[in-house]
Amino acid sequence: MWPTRPGEAVGALRAAVLIVLGTALMALSAKVNLPLPYVPMTLQTLVVLMIGAAYGWRLGSATMIAYLAEGAMGLPVFAGPVAGIAPLVGPTAGYLFGFVLAAFVTGWLAERGWDRSVMLLFAAMAVGHIVILAAGFGWLAFGLGLGAAKAWQVGIVPFIAASLVKNALGAALMPAARRIVERRG
């Protein structure tokens, strides 16, 4: 999102500012949540995928790692009132770690032109959502021992419709955000 000239290396200051902005957006998106029995529904996945698409795979992944590190250090960046290590080993752990891979995949696809078409961006974000949901499902089913049926019921089904809405919203917002940045640059 922060324009650079072709071939220009990403400066440390630019990267630091974008990471701080990204982790702040992640923290805010975590606070907009609908509590559910195991894992709350938040706006985080939308923000993860938009950061991946806007920042690219390297900076997007680094931003998610920084976000997880902030939470692990006790900053109140996760959904709900819990901070520290608990969310990283509890029911939300798979989803949280899935954020890193989802930002990577979405950013990688965006860097290959998938962010220039609303339909391709929707598809790239869908892949990112699948990564997050698969990581969450795997952790619930096998890490916490809920089993596949229960993990599917509480960790996937409640999030399918919201994921489609977030994909559509993200795919529509990214080109608009890009136009604003390009006008200012």
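Welcome to this structure, where a good place to start is the surface: Trp152, Val157, Ile160 and Leu164 make a nonpolar patch of about 380 Å². A patch here joins residues with over 30% relative accessible area and no salt bridge, with nonpolar side chains (Val, Leu, Ile, Met, Phe, Trp, Tyr) linked within 5 Å and like charges within 9 Å. A salt bridge means a side-chain nitrogen of Lys or Arg within 4 Å of a carboxyl oxygen of Asp or Glu. Areas come from the Shrake-Rupley method with a 1.4 Å probe, and for residues only the protein chains shown count as cover.

This is a predicted model, in which local features need pLDDT of at least 70 and side-chain atom pairs pLDDT 80 or more, while totals for chains, interfaces and linings use all residues. Residues are numbered from 1 along each chain as its sequence is written, and side-chain values use heavy atoms, leaving out hydrogens and water.

Leu164 sits in helix α7, residues 160–184. Leu164 counts as partly exposed because its relative accessibility is 47%; buried means under 20%, exposed over 50%, and partly exposed in between.

Along the sequence, the chain reads α-β-β-α-α-α-α-α-α, with helices (H or I, at least four residues) and strands (E, at least two) taken as DSSP runs numbered from the N terminus.

Some values for the whole chain:

| Property of the protein chain | Value |
|---|---|
| Box filled by C-alpha atoms, along the principal axes | roughly 50 × 35 × 25 Å |
| Buried share of the 185 residues | 44% |
| Exposed area | about 9,200 Å² |
| Share of exposed area from carbon and sulfur atoms | 74% |

Terms used:
Buried < 20%, exposed > 50% of the residue type's maximum accessible area, 1.4 Å probe, protein only.
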